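Q: Please walk me through this model, one feature at a time. How do I read each one?

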Amino acid sequence: MEIKGFIFDLDGVLVDTAHFHAECWSEMAEGIGIKLSQSDLDNMRGVGRMDSLEMILRHTNKQYADQEKLKLAELKNQCYLQKVNQLTPGDELPETKTFLEKTREEEIKISLGSSSKNAKLVLSKLEFNELFDAICDGTDITKSKPDPQIFQIACEKLELPAQQCIVFEDAEEGIKAALAAGCCAIGVGPKDSPAFRKAHYVIEGFEGWTPKQLIKNLKQTFS
Ligand code: BG6
Ligand code: MG
C-alpha cells in the first residue's frame with residue numbers, strides 16, 4: 001500500500017466548527033418546538049445541510065413544504081455564518097497547519113472532502129486555501145456522506161486511486177463514506193469513540209504526528 005494522497009474532512013478535523021453546526025441546528029429546532037439530544041446531534045455530524053434538516057423534521061408529525069424547509073435551512077445557515085465569520089488564522093485545531101505543511105513537503109497530495117457548502121469560506125478565514133491541491137465540498141456533491149461520492153470525487157481530483165488515499169474524519173458517517181469509497185479511514189477524535197469502530201486507525205488529533213510516522217503506524221497495523 002503506497003499512500004500518495006490525504007483527504008481531510010473540515011468541520012471537527014481541521015477546525016472546531018462542528019459545535020457551531022450543532023448549536024445552530026439546536027437553536028433552529030427549538031424554534032419549531034423540537035429539542036435535539038446530544039446523540040441526535042452526533043448522528044448529524046458530517047451529514048449535508050438538507051439531509052440534516054430532514055433528520056430533525058423526523059421528530060415532528062408536522063409537514064413542511066419545500067419552501068419552508070429552505071427557510072429553516074437558511075435560518076440555521078445565517079446562525080452558522082455569524083460564527084464562522086469570526087474565525088481568524090490560528091483558530092484551526094492544534095498543529096493542523098504544521099501537519100498540512102509537512103504533508104506537502106513529503107509530496108503527498110492534499111484534498112478537502114467536506115459536505116459543507118461553506119467550506120471555502122472557512123478555509124479562507126483560516127488562510128488555508130493554498131495548502132490544498134484540490135477542494136471538494138458540498139457544492140460538488142448530490143449525495144451526502146455516508147455515500148462515498150465526496151471521496152470518490154476527491155480521489156478523481158487528485159488523480160489517485162482510492163487505495164492510495166487516506167481520509168481523515170471525525171464523524172461515523174464520514175468513516176462509512178471513506179470505506180465505501182475504498183479509501184483508508186483514520187478517525188480523528190477520542191480513541192474510544194464508537195464512531196470509529198470501523199476506522200483503520202484513530203488519532204486524537206494532529207499534535208505530535210508527522211505524515212511519515214502516521215503512515216508507518218498504519219502499515220504496522222496491517223502487517
Ligand atoms: C459538514 C458538517 O461538514 O457539513 C455538518 O459536519 C453540516 O454538520 C454539513 O451539516 C453541511 O454544512 P453547510 O455549511 O453546507 O450547511
Ligand atoms: Mg466533520
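**Reading the model**

A: Start with an aromatic cluster, which here joins Phe 6, Phe 8, Phe 99, Phe 168 and Phe 206. The structure is a predicted model, in which local features need pLDDT of at least 70 and side-chain atom pairs count only at pLDDT 80 or more, while totals for chains, interfaces and linings use all residues. Residues are numbered from 1 along each chain as its sequence is written, chains are lettered from A and ligands numbered from 1 in the order in which they are written, and side-chain values use heavy atoms, with hydrogens and water left out.

Q: How many aromatic pairs are there, and by what rule?

A: A pair of aromatic rings is described by the distance of the centres and the angle of the planes. Rings of Phe, Tyr and Trp (its six-membered ring) pair if their centres lie within 6.5 Å; planes under 30 degrees apart are stacked, over 60 edge-to-face, and the rest tilted. The count by this rule is 11 aromatic pairs. Phe 8 and Phe 99 make an edge-to-face pair, because their centres are 6.2 Å apart and their planes stand at 80°. Phe 8 is in strand β1 and Phe 99 in helix α5 (residues 96–105), so this pair ties together parts 91 residues apart in sequence. Helices (H or I, at least four residues) and strands (E, at least two) are DSSP runs, numbered from the N terminus.

Q: How do the rings of Phe 8 and Phe 168 lie, stacked or edge-to-face?

A: Their centres are 4.7 Å apart and their planes are at 10°, so the pair is stacked. Phe 168 belongs to strand β4 and Phe 8 to strand β1, so the parts tied together are 160 residues apart in sequence.

Q: Are these rings buried or exposed?

A: Buried means under 20% relative accessible area, exposed over 50%, and partly exposed in between (1.4 Å probe, protein chains only). Phe 8 is buried at 0%, Phe 99 is buried at 1%, and Phe 168 is buried at 0%.

Q: Which residues coordinate the magnesium ion (ligand 2)?

A: Donors are N, O and S atoms within 2.8 Å of the metal (3.2 Å for Na, K and Ca); water is not among the atoms, so sites may look incomplete. Here the donors are Asp 9 (OD), Asp 11 (O) and Asp 170 (OD), at 2.0 to 2.2 Å. Asp 9 sits in the loop between β1 (5–8) and α1 (18–31), and Asp 170 in the loop between β4 (165–169) and α8 (172–181), so the two, 161 residues apart, link distant parts of the chain. Asp 9 is buried, with a relative accessible area of 5%, and Asp 170 is buried, at 7%.

Q: Which lysines lie over the face of a tyrosine?

A: A charge sits over a ring if NZ of Lys or CZ of Arg is within 6 Å of the ring centre and within 35 degrees of the ring normal. Lys 76 lies over Tyr 80, at 4.8 Å from the ring centre. Lys 191 lies over Tyr 201, at 5.8 Å from the ring centre.

Q: What does Asn 217 touch?

A: Contact means heavy atoms within 4.5 Å. Leaving out residues up to four places away in sequence, Asn 217 touches Tyr 201 and Trp 209. Asn 217 is in helix α9 (residues 211–222) and is buried at 17% relative accessibility.

Q: Which backbone angles should I check in the loops?

A: Look at omega for the peptide bond and phi for the residue. The bond from Lys 145 to Pro 146 is cis, with omega near 20°, and Pro 146 is in the loop between β3 (134–136) and α7 (149–158). Glu 95 is a residue other than glycine with a positive phi, near 60°. Glu 95 lies in the loop between α4 and α5 and is partly exposed, with a relative accessible area of 38%. Glu 159, also not a glycine, has a positive phi of about 55°. Glu 159 is in the loop between α7 and β4 and is exposed, at 69% relative accessibility.
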